[in-house]
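Let's take a walk through this protein together, starting with an open space and moving on to some ring pairs. Have a look at the model first.

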Amino acid sequence: MDLSIFLILLQDGVINGAIYALLGLSLVLVFTVTRVIFIPQGEFVSFGALTLALLERGQTPATIWLLLALGVVSAASRFVQERRRMNLRHAAAILGTDVALPAAIAVVTALAAPMKPHVAVQIALTLAIITPMGPYIYRMAFQPLAEASTLVLLIAAIGVHLALTGLGLVFFGAEGSRTEPFSSAMFQAGDLLVSGQSLWILAVAAALVAGLAAFFGLTLVGKALRATAVNRLGARLVGIAPGMSAAIAFTLAGFIGALSGVLVSPLTTIYYDTGFIIGLKGFVAAIIAGLASYPVAAAAAIVVGVIEALASFWASSFKEVIVFLIIIPVLLWRTWGAPVVEEDDH
């Protein structure tokens, strides 16, 4: 391996690591606020990429029907769970956010898709379709189990993942898709040739991370999410609704997943189940961070991307195995450093 090859692999690793960093941050966010290990995060990546690919071809994505269905089920679930404090104003708010909003998005998408609008409009429609699925899935699958153990929540997350994977096959078929790059420009930096698409990914990822930092540090809602992550009971005692915090966390997870799919779709062919593997690599970064630290998760994701790129050169057949093996020493180290908890004999 000479310097030019190393620089190419390093560039690929950093670009992929930026995507993994976004997913790792969203996984840490959802877990700290809700205790849900959000395995379906990868499906948002696939749905975002493939929805954009269909819009590029002038086709109406079937994900609008999934959005409508999830909205209706979410509304029904909220009517049942919140029936004791239901009034006309609250019912109208539920119907507006869970039924009228997805219906409006579906109508606009169905009308705009055949006209092949500008790529910015296509991306906006993709984000509008996929992002609300996050809170709808939370209200449907996780909110009724909010007080359950982490294991039960994990089983529910696996069930949601399997359901979304099957729906992805129905909506998009077994063939993969790839979208057009945002930029075809190429820049020479010494021995390294940098693509405009790579710069787009780094810029958007950096802007999103900075935006999240500002959101958590400067806004009242962001501080409420941080409070819920630190102490759910304490946050509830000072008037912060854990359910609302969880819905916001899942909304951010849906947005980050959809945006990650939009960013990665020009780089590689995306299939209906590709997002699961991409999400797992973000999960590796989140595990290294102990599902608690945002900066460590972001840094670990870059390391995971670089290791994957180098492994693809030295042992391409085992690159996935090498990436996932990183978890083992981290778990052993955390296990050895964890305090021993004696079981109660009574």
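How do the residues of the lining of the largest pocket divide into nonpolar, polar and charged? In this predicted model, the split is ten nonpolar, eight polar and five charged. The pocket itself has a volume of about 500 Å³. Of its 23 lining residues, those closest to the centre are Asn-16, Tyr-20, Thr-268, Glu-308 and Lys-319. Two or more lining residues come from each of helix 1 (3–34), helix 12 (274–288), helix 13 (294–314) and helix 14 (319–325), and helix 1 gives the most, with seven.

Helix 1 is worth following along. Its 32 residues reach 45 Å from first C-alpha to last, close to the 46 Å expected at 1.5 Å a residue. Just after helix 1 comes Arg-35, with a positive phi of about 65°.

Now for the rings: there are eight aromatic pairs in the structure. Take Phe-38 and Phe-142, whose ring centres sit 6.3 Å apart with planes at 75°, so this pair is edge-to-face. Phe-38 is in the loop between helix 1 and helix 2 (41–56), while Phe-142 belongs to helix 6, 104 residues away along the chain. Phe-38 is buried, at 1% relative accessible area, and Phe-142 is buried at 1% too.

Another edge-to-face pair is Phe-182 with Trp-200, at 5.9 Å centre to centre and 80° between the planes. Phe-182 is partly exposed at 24% relative accessible area, and Trp-200 is partly exposed at 44%.

Finally, ring pairs link Phe-38 and Phe-142 with Phe-44, Tyr-138 and Phe-250 into a cluster.

How values were computed: Residues numbered from 1 in each chain as written. Predicted model: local features only at pLDDT ≥ 70, side-chain atom pairs only at ≥ 80, totals over all residues. Heavy atoms only, no water. 1 Å grid on protein atoms, 1.4 Å probe; cavity = no way out; pocket = protein on both sides within 12 Å on 5 of 7 lines; lining within 4 Å. Points joined across faces, edges and corners; volume = space filled by probe spheres on them. Helix = DSSP H or I, 4+ residues; strand = E, 2+ residues; numbered from the N terminus. Nonpolar A, V, L, I, M, F, W, Y, C, P; charged D, E, K, R; others polar. Expected span 1.5 Å × (residues − 1). Phe/Tyr/Trp six-rings, centres within 6.5 Å; stacked < 30°, edge-to-face > 60°. Buried < 20%, exposed > 50% of the residue type's maximum accessible area, 1.4 Å probe, protein only.
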